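Student: I would like to learn how to read the surroundings of a ligand and the layout of a sheet. Could we work through a case together, step by step?

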Amino acid sequence: MKYDVIIIGGGLHGSSTAWHLAVREPGLRIAVVERDPAYEHAASIRSTAGVRVMFSQEENVRMSQYGHEFYQGYERTMTVDGEEATVSFRRQGYLHIATSPDMAESMRANHALQRRLGCHVDLLDAAGTAARFPSLRMDDVICATHSPDDGWIDSHGALMALRRKARALGVSYIADSAAALNVSSGLVRSAALESGEALEGDWVVNNAGAWAHEVSAMAGFDIPVRPMPRTTWFFDCRAEIEPLPLTTDAANGHSIGFRPEGAGFIAGISDYARTGDFDWEPDLEGFESEAWPRLAHRVPAFEAIRLRNAWACHYAYNIFDGNMIIGAWPGAPENFLIATGFSGHGLQHAPAAGRALSELILDGGFATIDLDRFHCRRVPENRREPERGVTA
Ligand SMILES: Cc1cc2nc3c(=O)[nH]c(=O)nc-3n(C[C@H](O)[C@H](O)[C@H](O)COP(=O)(O)OP(=O)(O)OC[C@H]3O[C@@H](n4cnc5c(N)ncnc54)[C@H](O)[C@@H]3O)c2cc1C
């Protein structure tokens, strides 16, 4: 089996790469190897699915702007045989809260950048925030940024539609596991699958998310990206409160993110110290001891809530500087490309990352958003590029 491009991992990133390649270059032979076609363990399905423009780095803002455009256009771009695709983009806004002078200072600088890039983001003082969201406690708040056009999507719907469209464009999805890569004369020549089949390819793309380090190891090198377990708690609240945006808060240095979901809410805490191994057990104790006090601190009505469900998944976390890596690893095969390390913003950045990978393959360099700052060569060069916005 010979392909132009073999993509390992068929979540939102792998499917975005495949779609962008297939749209640009019809006739390209593209295989997506995905071992879990039901996506039971994929971050793409278990994500909070937020899309926001509030970042500190221009590249990250621009990637999110493309994410907005991409998901907003689903009805037009992802329809197959008259069957419309929708991602139920709910623009209920994002709210980042600053409770320390340092956070407030960086929030103001980020806000200036976001406005310069044409984003609709309002910088509010505590009174302005309370006027919009009366259910929030404000006595420790210095300022907040609110982006009313941001929101969240149906990530399952988004992935299914993207996959269906990619297949309609001729992409082959292969339900199998990539088990080994055959490297010779400095290039990856083929991928051996668990079933025993071997796929030859001119390019191999590692879009394996939190498993990307395992796939890179098959090509003989290590990347500093590891899984960070994160539990999502679903709870309901008896009190009637106004429609809240996706809110991130770090009062007293303890961060939490929460947003409405159906008739209730979901919440999560990023504990980067847990980075290392996969852990599929939801942290129920952490809801009582960590999450609930933080939730009730910010929203007093959350004193009376009931935990209904919880599930675990993993950020692909870059232990080097917390930001994405993209491109070919220096010294590794040049036809083996990676994009991973997106922590909690890979759903909104999947469209731009997939497009960027398609550009590396078809144009030989970044053509739309220059992502050179995030190229993986910065790791061996020891050049850190942390995102200084809220990273929850
Ligand atoms: C709890 C949580 C909340 C999040 N919230 C947000 C958010 O609000 N906004 C946002 O933008 N992002 C968010 N993210 C991040 C976002 O969900 C991820 O960055 C994104 O979904 C990653 O997509 P992916 O395709 O790289 O990985 P995945 O969706 O995990 O897909 C990788 C796929 O690779 C496959 N695979 C792995 N190894 C192999 C192999 N050897 N052979 C074949 N297949 C293989 C796996 O089966 C898997 O399906 C969140 C993540 C989590 C965990």
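Tutor: Let us begin with the kinds of residue around the ligand, keeping in mind that this is a predicted model. The shell around the ligand is made up of 15 nonpolar, 17 polar and six charged residues.

Student: How many residues surround the ligand, and which are the closest?

Tutor: A residue is counted here if one of its heavy atoms lies within 4 Å of the ligand. In this model 38 residues surround the ligand, and the closest are Glu34, Ser44, Gly50, Ala178 and Gln348.

Student: Which elements each supply at least two residues of that shell?

Tutor: Helix 1 (12-24), helix 2 (43-46) and helix 10 (346-362) do so, and they are joined by strand 12 (225-237) and strand 16 (305-318).

Student: Where does the ligand lie with respect to domain 1 and domain 2?

Tutor: Both domain 1 (2-83 + 154-224 + 320-378) and domain 2 (94-149 + 226-318) contribute residues to the shell, and therefore the ligand lies between them.

Student: What polar contacts should I look for?

Tutor: We look for a pair of N or O atoms within 3.5 Å. A polar side-chain atom of Ser44 is 2.5 Å from an oxygen atom of the ligand, while a polar backbone atom of Ala43 lies 3.0 Å from an oxygen atom of the ligand. In the side chain of Arg35, an N or O atom is 3.3 Å from a nitrogen atom of the ligand. As for cover, the ligand on its own has 1,000 Å² of accessible area, of which the protein covers 97%.

Student: In what order do the eight strands of the open sheet stand?

Tutor: Reading across the sheet, the order is 5-6-4-13-14-15-12-16, with mixed pairing. Strand 5 (122-125) and strand 16 each have a single partner strand, so they stand at the edges and one side of each has no neighbour in the sheet. From one strand to the next, the twist averages 20°.

Student: How many bridges join strand 5 to strand 6?

Tutor: Strand 5 and strand 6 (residues 143-147) run antiparallel and are joined by four bridges, and Asp125 has Cys143 in strand 6 as its bridge partner.

How values were computed
Residues are numbered from 1 along each chain as its sequence is written. This is a predicted model: local features need pLDDT of at least 70, side-chain atom pairs count only at pLDDT 80 or more; totals for chains, interfaces and linings use all residues. Side-chain values use heavy atoms; hydrogens and water are left out. A polar contact is a pair of N or O atoms within 3.5 Å; within protein, one must be able to donate a hydrogen and the other to accept it, and residues adjacent in sequence count only if both atoms are side-chain atoms. Accessible areas come from the Shrake-Rupley method with a 1.4 Å probe; for residues, only the protein chains shown count as cover. Ala, Val, Leu, Ile, Met, Phe, Trp, Tyr, Cys and Pro count as nonpolar, Asp, Glu, Lys and Arg as charged, and the others, Gly among them, as polar. Domain bounds come from an automatic or database domain assignment. Two strands pair if DSSP finds at least two bridges between them. Axes are lines fitted to C-alpha atoms, for helices over the stretch in contact, and angles run from 0 to 180 degrees between N-to-C directions.
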